[in-house]
Amino acid sequence: MSVSNRVLLVEGEGDKEFIQRLICTLKLDIKIMPETPRDICNTQSDGIDVLRTRALPFVLDRIRTENITHLGIIIDADSSNDGYGFEKRRKQITDILIARGYKIPAFTANINQGEIFPTNKEDWSPIGLWIMPTHSTDGMLEDLLLDNLNNSSQQSLLSKADAVISDLGDLRTFKDTHLSKARLSTLLAWQKKPGTSAGKAYQAGVFAADSAALTAFTLWLQAVFQ
């Protein structure tokens with residue numbers, strides 16, 4: 001099976017790098033190369049809006065013309081306080097799929113293992129959807145990682161990072177929306193190799209790869225592409 005017949009669509013380079021290193025570290029028996037909107041259709045930027053308005057429709061068109069056999073979508077839920085959140089993001093993606101003829105089951109609060117939407121048409125591929133952090137809550141990839149640190153030392157580092165961020169006062173320039181990104185970036189700045197990426201930190205054992213949440217995500221990824 002060719003990698004070109006399998007598409008894992010992600011929002012940006014950080015997601016792409018993390019998932020590549022997760023697959024490599026766990027030696028998952030799946031052939032997939034995560035792709036951002038820039039990779040898929042040469043957009044000038046990445047992100048959720050470009051993913052859902054440009055990249056996803058482009059990939060859905062390819063399903064029938066280029067024999068795409070597997071398609072997975074990974075996005076962030078973001079925050080309900082900003083008008084987004086898990087339910088809004090799920091609706092944004094599933095509305096696009098429904099318009100293409102996919103039958104999407106009604107949302108249930110118990111969905112927390114990711115979803116794979118089947119198709120009853122022979123030349124269409126099933127589509128997997130995972131909304132970070134846990135496919136049931138608001139947040140983003142950074143929240144999945146921060147909530148699953150591997151040991152007490154990393155947790156102590158995060159507590160100190162939180163204290164520093166809390167003490168910034170007027171020096172704090174980032175929005176509340178980006179608090180998780182600031183927390184993770186600060187934690188990673190204090191690792192053995194300062195400023196390491198989330199993917200490299202995963203390989204270095206900063207996060208608990210066998211936690212229930214990360215295991216659920218890994219199982220979904222395998223189910224979509226095996």
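Colleague: How far apart are the mean positions of the positive and negative charges of the chain?
Modeller: Keep in mind that we're looking at a predicted model. The chain carries 25 positive and 28 negative charges. Take the mean position of each set, and the gap between the two comes to 4 Å.

Colleague: Does the radius of gyration agree or disagree with a compact globule, and what is its value for the chain?
Modeller: Start from the length, 226 residues. A compact globule with that many would have a radius of gyration near 17 Å. The chain's own value agrees with that, at 18 Å.

Colleague: What share of the 226 residues is buried?
Modeller: Buried here means under 20% relative accessible area. Count the residues of the chain that pass that cut-off, and they make up 49%.

Colleague: Which helix gives the most to the largest nonpolar core?
Modeller: That core has 33 residues, and I19, I74, F207 and L221 have the most contacts inside it. Several elements each supply at least two of its residues, including β1 (6–10), α1 (13–26) and α9 (212–225). With 7 residues, the top contributor is α9.

Colleague: Leaving aside neighbours within four places in sequence, which residue of α9 (212–225) is F207 in contact with?
Modeller: Among the contacts of F207 are L145, L184, A201, Y202 and L214. Now check those numbers against α9, which runs over 212–225. The one that fits is L214.

Colleague: How many residues are in the second, separate core?
Modeller: Look for L51, A55, I68 and I75, which are included in this second core. Its full count is 27 residues.

Definitions and conventions. Residues are numbered from 1 along each chain as its sequence is written. This is a predicted model: local features need pLDDT of at least 70, side-chain atom pairs count only at pLDDT 80 or more; totals for chains, interfaces and linings use all residues. Side-chain values use heavy atoms; hydrogens and water are left out. A nonpolar core is a set of buried Ala, Val, Leu, Ile, Met, Phe, Trp, Tyr and Cys residues joined through side-chain atoms within 4.5 Å. Buried means under 20% relative accessible area, exposed over 50%, partly exposed in between (1.4 Å probe, protein chains only). Contact means heavy atoms within 4.5 Å. The radius of gyration is taken over C-alpha atoms; the globule rule is 2.2 Å times the number of residues to the power 0.38. Lys and Arg count as positive and Asp and Glu as negative; His and the chain ends are not counted. The place of a charge is taken as NZ of Lys, CZ of Arg, CG of Asp or CD of Glu.
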